[in-house]
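Load the model in your viewer and keep the selection panel open. We will walk through it stop by stop, and at each stop I will suggest what to pick next.

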Amino acid sequence: MFNKRIKIKELLSKEPAGQEVTVMGWVRTFRNNQFIALNDGSTNNNIQVVVALGSQDDELLKRITTSASLKVTGTIVPSLGKGQKMDLNATLIEILGDSDAEKYPLQPKKHSLEFLREKAHLRFRTSTFGSVFRVRHTLAFAVHKFFNEKGFVYMHTPIITASDAEGAGEMFKVTTLPVDGTAPKNEDGSINFKEDFFGRSTNLTVSGQLEGELGATAFGDIYTFGPTFRAENSNTARHLAEFWMIEPEMAFYDLEDNMNLAEEFIKYIIKYAIENNKEDLEFLAQRLAEEEKQLPQDKRSEMGLLEKLEFVLTNGFERLTYTDAIQILKDSNHNKKKKFQYEITGWGMDLQSEHERYLVEKHFKKPVILYNYPAAIKAFYMRQNDGCEAGKETVAAMDILAPGIGEIVGGSQREERQEKLERRMTEMHIPLEELWWYLDTRRFGTVPHAGFGLGFERMVQFVTGMTNIRDVIAFPRTPGSAEF
Ligand code: 4AD
Ligand code: MG
């Protein structure tokens with residue numbers, strides 16, 4: 001059988017006492033025609049394969065180049081060298097796949113993250129990306145574990161939809177009509193989508209929430225975890241055109257219950273990653289510390305990566321209203337010295353990420369939950385608060401802001417009162433007929449309910465310390481870029 005191999009992670013946990021094993025992996029380095037650092041992706045640590053002088057013929061040794069794939073059988077013994085616990089003394093080396101050292105794009109040296117983005121098909125073979133994507137996996141697993149333990153139903157909401165859940169108009173169109181100008185037209189010259197594949201105009205989903213609400217009003221608690229798409233032209237280190245979102249939706253929850261769940265959830269998945277990916281996180285912490293050495297003192301983080309994660313686990317998130325946040329920003333020295341790029345114009349303004357980051361990184365120095373936002377800057381489905389703040393209407397929205405990232409969660413209690421919801425939709429020009437199925441939940445046994453969306457890549461950024469969102473998703477889609 002071909003696959004009788006031991007993974008290097010498991011191998012390294014054994015006590016070497018001359019056992020025979022077979023490993024398979026890719027060559028990281030080959031020194032002195034004698035020492036192969038072999039990696040199989042199960043861990044960042046390599047197994048040192050020792051080739052006894054004269055034991056292999058020269059033709060074979062020449063083919064042991066960076067990223068060639070090998071099958072090695074041998075015995076494990078305590079290492080004589082420093083830096084590793086064991087050596088694998090090779091008895092049989094088989095080249096599974098050659099790698100032309102002249103042409104292989106990655107050299108055994110440090111490459112910039114920008115360079116590696118252009119080689120995204122090979123970057124998993126580097127230590128940094130090996131760690132990032134193993135941590136990403138662990139976080140994804142923890143998401144399911146958390147909700148499963150709480151009895152939530154995992155719901156697969158559609159990728160192709162006819163509605164704009166956020167009402168923000170940032171959608172990618174889905175069509176099979178020709179784009180060369182010959183698509184069927186209506187009398188007024190607009191495209192006749194009745195002739196399209198679905199018999200109507202459709203797009204890629206921006207959020208599974210609306211369908212999630214349908215699930216919550218039957219199962220009680222559901223969550224989604226899937227890809228979402230936004231055609232917003234934001235070329236930043238925190239925006240993707242295709243990103244993964246986790247959206248729990250809970251019946252019989254108010255805003256406070258919602259905040260409690262979100263905080264518990266974030267802490268749970270961080271803790272799970274620390275417990276299950278310690279080595280990778282230690283590696284990433286060290287990488288980040290090195291990277292920050294290049295920065296001026298005031299741009300460096302006050303805490304190391306692991307310290308920051310531990311801090312988040314052991315401290316409550318600061319909760320304050322939007323109104324209080326505006327006051328803090330207004331009164332800040334930062335504002336008085338006109339250091340914000342976007343002016344603090346006052347109550348009603350949408351917060352820019354520099355404002356959010358000021359609150360989190362400079363003022364509170366911990367994650368912050370802002371709630372009760374002005375109705376005018378939030379989506380149609382959010383529950384209208386009964387009282388007024390600053391003489392204006394607010395909604396039961398909440399955003400969680402994380403150090404170094406800014407907004408990581410957006411959520412709200414939902415407007416369960418049919419009349420109020422319909423009035424708001426009309427005000428915001430959202431066609432009631434198109435969302436008839438959504439409104440039915442308010443007609444038939446409506447209940448108070450709430451939910452939120454966690455941007456998965458932003459969460460992975462937070463846990464791995466990677467500063468650019470393009471480095472925590474395998475193949476990033478951003479404006480002007482859809483390679484691989
Ligand atoms: O705040 P958003 O737009 O909220 C919703 O979509 C709601 N339907 C969620 C809900 O209540 N069920 O997005 C939620 C989160 C943001 O806080 C952010 O973390 C992430 O999704 N996000 C993005 N991540 C990467 N790239 C983008 N372009 C993102 N847009 C939002
Ligand atoms: Mg938001």
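How many residue pairs are in polar contact across the interface of domain 1 and domain 2? Keep that in mind while you set up the view; note that this is a predicted model.

**Stop 1: the two domains**

Colour residues 2-108 as domain 1, then 125-171 together with 206-471 as domain 2, following the domain assignment of the protein. If you place a centroid on the C-alpha atoms of each, the two centres lie 44 Å apart. Now select what touches: 10 residues of domain 1 meet 9 residues of domain 2.

**Stop 2: the interface**

Here is the reply to the opening question: the rule finds 9 residue pairs in polar contact across the interface of domain 1 and domain 2, with both partners at pLDDT 80 or more. Salt bridges across this interface number 0 by the rule. On the side of domain 1 that touches domain 2, you can sort the residues into 3 nonpolar, 6 polar and 1 charged.

Next, switch on a surface. Domain 1 and domain 2 bury about 700 Å² between them, and 31% of that is on carbon and sulfur atoms. Show Trp26, Arg28 and Asn44 as sticks: they supply 54% of the area that domain 1 buries against domain 2, more than any other three residues.

**Stop 3: strands in the first part of the chain**

Go to cartoon view and select strand E1, residues 20-31. Strand E2 (residues 35-39) runs antiparallel to E1, and 5 bridges join the two. Label threonine 29 and you will find alanine 37 of E2 opposite. E1 and E2 make a hairpin with 3 residues between them, and asparagine 32 in the turn has a positive phi of about 50°.

Which strand should you add next? E1 also pairs with E4 in the antiparallel sense, over 7 bridges. Valine 23 has valine 72 in E4 as its bridge partner.

From E4 (residues 69-78), step across to E5: these two are antiparallel as well, with 10 bridges. A handy pair to label is leucine 70 with isoleucine 95, which stands opposite in E5.

Now extend the selection to E5, residues 86-97, and to strand E3, residues 47-50. Is the pairing of E3 and E5 parallel or antiparallel? Trace the chain direction in both and you will see that it is parallel, over 3 bridges. Valine 49 stands opposite leucine 88 of E5 here.

**Stop 4: an open sheet of three strands**

Move on to the open sheet of 3 strands ordered E7-E9-E8, with antiparallel pairing. Its edges are strand E7 (160-161) and strand E8 (173-174), each pairing on one side only. Strand E9, residues 202-204, shares 2 bridges with E8. To check the register, label valine 174 and threonine 202, which stand opposite each other.

**Stop 5: a long-range salt bridge**

For the last stop, turn to charged side chains: the rule counts 30 salt bridges. One of them joins arginine 117 and aspartate 471, at 2.8 Å from N to O. Arginine 117 belongs to helix H3 (residues 113-118), whereas aspartate 471 lies in the segment after helix H14 (456-464). The pair links distant parts of the chain, with 354 residues of separation.

Methods: Residues are numbered from 1 along each chain as its sequence is written. Chains are lettered from A and ligands numbered from 1 in the order in which they are written. This is a predicted model: local features need pLDDT of at least 70, side-chain atom pairs count only at pLDDT 80 or more; totals for chains, interfaces and linings use all residues. Side-chain values use heavy atoms; hydrogens and water are left out. Two strands pair if DSSP finds at least two bridges between them. Helices (H or I, at least four residues) and strands (E, at least two) are DSSP runs, numbered from the N terminus. Domain bounds come from an automatic or database domain assignment. Contact means heavy atoms within 4.5 Å. Buried area is the accessible area (1.4 Å probe) that two parts lose on being put together, summed over both. A salt bridge is a side-chain nitrogen of Lys or Arg within 4 Å of a carboxyl oxygen of Asp or Glu. A polar contact is a pair of N or O atoms within 3.5 Å; within protein, one must be able to donate a hydrogen and the other to accept it, and residues adjacent in sequence count only if both atoms are side-chain atoms. Ala, Val, Leu, Ile, Met, Phe, Trp, Tyr, Cys and Pro count as nonpolar, Asp, Glu, Lys and Arg as charged, and the others, Gly among them, as polar.
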